[in-house]
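The report below takes up a salt bridge, a sheet, a nonpolar core and an annotated span in turn. Please keep the sequence and the structure in view while reading.

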Amino acid sequence: MLYVDFTVNSTNHILFEVLNGDIKNVVDLSVKSCTCKRFQMDQIPCAHVIAVFQKLHPPEGRIRVGRPKKRRCKAFWEKNAKTLKPIICGKCNQNGHNRRICRNPTTND
């Protein structure tokens, strides 16, 4: 049963009138009762009471779509991996670039 189909009207902060088409139910939160009698018999909130609770306390935020972001805290050596070891070219032995993007002429020893 969908709770969206219900129309909830509050008479005061304790009594609520729940309309589902032409069916009317009254929910009394002070004595935990509903006119459908399911709330009193089962001691579990019926659909009418849940509709009242949804009106009183709407869901906060929304559920995000997609893969959740990583929440893992990186270690010190993972954060600063680029700054710990300088890049040295294999062709000219200079800092700051690698052999693939080296523009310097090769040194012949």
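## Salt bridge and sheet

Lys 24 forms a salt bridge with Glu 17, and the closest N and O atoms of the pair are 3.3 Å apart. The model is a predicted one, and the count of salt bridges in it comes to one. Glu 17 has a relative accessibility of 21% and therefore counts as partly exposed, since the buried class is reserved for values under 20%.

Glu 17 also has a place in the strand pairing, where Asn 9 stands opposite Glu 17 in S2. Another such pair is formed by Ser 10, which stands opposite Phe 16 in S2. The two strands concerned, S1 (residues 7–10) and S2 (residues 15–20), pair in the antiparallel sense over four bridges, and together they form a hairpin in which four residues lie between the strands. This hairpin belongs to the strand order S1-S2-S3-S4, an open sheet of four strands with antiparallel pairing. Its edge strands are S1 and S4 (33–34), each of which pairs on one side only.

The positions that stand opposite each other are set out here.

| Residue | Opposite residue in S2 |
|---|---|
| Asn 9 | Glu 17 |
| Ser 10 | Phe 16 |

## Core and Cys 34

The largest nonpolar core has 12 residues, among them Phe 6, Val 8, Phe 16, Val 18, Val 27, Cys 34 and Phe 39. Both S2 and helix H2 (47–56) supply at least two residues of this core, and the largest share, four residues, comes from H2. In soluble globular proteins, nonpolar side chains tend to be buried together.

Which strand holds Cys 34? Cys 34 has its place in strand S4, and with a relative accessible area of 3% this residue is buried, because a value under 20% meets the criterion. When neighbours within four places in sequence are left aside, Cys 34 is in contact with Asn 25, Val 26, Val 27, Phe 39, Gln 40, Cys 46, His 48 and Val 49. Of these contact partners, the core list includes Val 27, Phe 39, Cys 46 and Val 49. Cys 34 and Leu 15, which are 19 residues apart in sequence, are 9.8 Å apart in space from C-alpha to C-alpha.

## Annotated span

An unreviewed UniProt entry lists residues 25–57 as "domain: SWIM-type". In the model, the end C-alpha atoms of residues 25–57 lie 20 Å apart, and the span is 45% helix and 18% strand.

Technical notes. Residues numbered from 1 in each chain as written. Predicted model: local features only at pLDDT ≥ 70, side-chain atom pairs only at ≥ 80, totals over all residues. Heavy atoms only, no water. Pairing = 2+ DSSP bridges. UniProt positions renumbered as here; feature names shortened; annotations may be inferred. Salt bridge = Lys/Arg side-chain N within 4 Å of Asp/Glu carboxyl O. Buried < 20%, exposed > 50% of the residue type's maximum accessible area, 1.4 Å probe, protein only. Core = buried A, V, L, I, M, F, W, Y, C linked by side-chain atoms within 4.5 Å. Contact = heavy atoms within 4.5 Å.
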